[in-house]
Amino acid sequence: MKTLLTYILSAALVMTFTAGASAQGLDPYYETLAQYNRIAPKQNPQWESASSTMKSSIQDSKNKVVGELNNIIVSENGSIQSLEVNLNRIQLGSASLNYRELQIESSARSYALNMDDARIKDVYPEILANIDTAAGDSASSISVKNLIGSNMRADDGRRIGKVSDVMFTDRGDAVAALVVDVNYKTIRGETIALPFSSVEYLPKGNGFEVLMADQQADTVLKFADR
């Protein structure tokens, strides 16, 4: 009798574990999180932290350094809209450079314009005149510098954690992932990466509030507590 009871309990535990694993396996967002965190976000050789990307120089078509990068403005899908720069190396001031229209090319630790320094000086007044166009649609424009430190919450109001970093591709041509420090109830200090385009960014003060669907939040918490 005891043996039969032990067998029944063991079978029930196996069925419960299998059901849980199957449910987890059927959650595509969980699988995505597993892929994104296969390597610790800040150790992933295919990604570069925002702090490193922000140190990139601004170069002309002849590889001459013409300025410094102050900020990167991206869209909700992670593509770069514009670069906020200071062209102090060629005696010019601050400017917002439209990434696509100016055909800016990215590489490790630099962004290069497709014109030499003399041409940049010639078109500088035009760049200033088109500053609103360069910045893109303000409703969907995200300042990387202002995004770091933003709170992340679920639709139902649960505070999930804070944005601790933004990871770019190793060439700096797009945002690859959002890095969040999860702090919710007993889950403390768990850092995970998630797809940048999988959440919503709401302007709040000088920064943003990152909003995710309740089911996504459940999955993030489950993954952080794995």
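A crossing of two helices is right-handed if the near helix is turned clockwise from the far one by less than a right angle. The legends below apply this term to a predicted model.

**Figure 1. Overall composition of the predicted model.** The protein contains seven helices and 14 strands. Of its 226 residues, 46% count as buried. Among contacts between residues at least 6 apart in sequence, 56% join residues at least 24 apart.

**Figure 2. Packing of helix H2 against helix H7.** Helix H2 spans residues 28-36 and helix H7 spans residues 214-224. Two packed helices are described by the angle between their axes and the distance between the axes. For H2 and H7, the angle is about 45 degrees and the axes are 9 Å apart. The two helices are therefore oblique to each other, and H2 passes H7 in a right-handed crossing. On the H2 side, the contact is made by Tyr-29, Tyr-30, Leu-33 and Ala-34. On the H7 side, the contributing residues are Gln-216, Thr-219, Val-220, Lys-222 and Phe-223. The residues of this contact comprise six nonpolar, two polar and one charged.

**Figure 3. An aromatic pair linking H2 and H7.** The structure holds four aromatic pairs, one of them formed by Tyr-30 and Phe-223. A pair of aromatic rings is described by the distance of the centres and the angle of the planes. In the pair of Tyr-30 and Phe-223, the centres are 5.3 Å apart and the planes lie at 70 degrees. Because the angle between the planes is over 60 degrees, the pair of Tyr-30 and Phe-223 counts as edge-to-face. The pair connects distant parts of the chain, with Tyr-30 in helix H2 and Phe-223 in helix H7, 193 residues apart. Tyr-30 has a relative accessible area of 7% and is buried; Phe-223 is also buried, at 4%.

**Figure 4. The stacked aromatic pair of Phe-196 and Tyr-201.** The ring centres of Phe-196 and Tyr-201 are separated by 4.8 Å, with 25 degrees between the planes. Both Phe-196 and Tyr-201 are buried.

**Figure 5. Surroundings of the buried residues of helix H7.** The buried residues of H7 are Gln-216, Ala-217, Thr-219, Val-220, Leu-221, Phe-223 and Ala-224. These residues pack against H2. They also pack against strand E9 (151-154), strand E10 (159-169), strand E11 (175-184), strand E12 (187-195) and strand E14 (207-212).

**Figure 6. Environment of Val-199 in the loop between strands E12 and E13.** The strand E13 that borders this loop comprises residues 200-204. Val-199 has a relative accessibility of 9% and therefore counts as buried. Leaving aside neighbours within four places in sequence, Val-199 is in contact with Leu-178, Leu-194, Val-210, Leu-211 and Met-212. The C-alpha atoms of Val-199 and Val-210 are separated by 6.7 Å, although these residues are 11 apart along the chain.

**Figure 7. Position of Ala-129 in helix H4.** Helix H4 covers residues 117-129. Ala-129 is exposed, with a relative accessible area of 62%. The C-alpha atoms of Ala-129 and Ala-95 are separated by 9.9 Å, and the two residues are 34 apart along the chain.

How values were computed: Residues numbered from 1 in each chain as written. Predicted model: local features only at pLDDT ≥ 70, side-chain atom pairs only at ≥ 80, totals over all residues. Heavy atoms only, no water. Axes fitted to C-alpha atoms, helices over the stretch in contact; angles between N-to-C directions. Helix = DSSP H or I, 4+ residues; strand = E, 2+ residues; numbered from the N terminus. Parallel < 35°, antiparallel > 145°, perpendicular 65-115°, else oblique. Contact = heavy atoms within 4.5 Å. Nonpolar A, V, L, I, M, F, W, Y, C, P; charged D, E, K, R; others polar. Phe/Tyr/Trp six-rings, centres within 6.5 Å; stacked < 30°, edge-to-face > 60°. Buried < 20%, exposed > 50% of the residue type's maximum accessible area, 1.4 Å probe, protein only.
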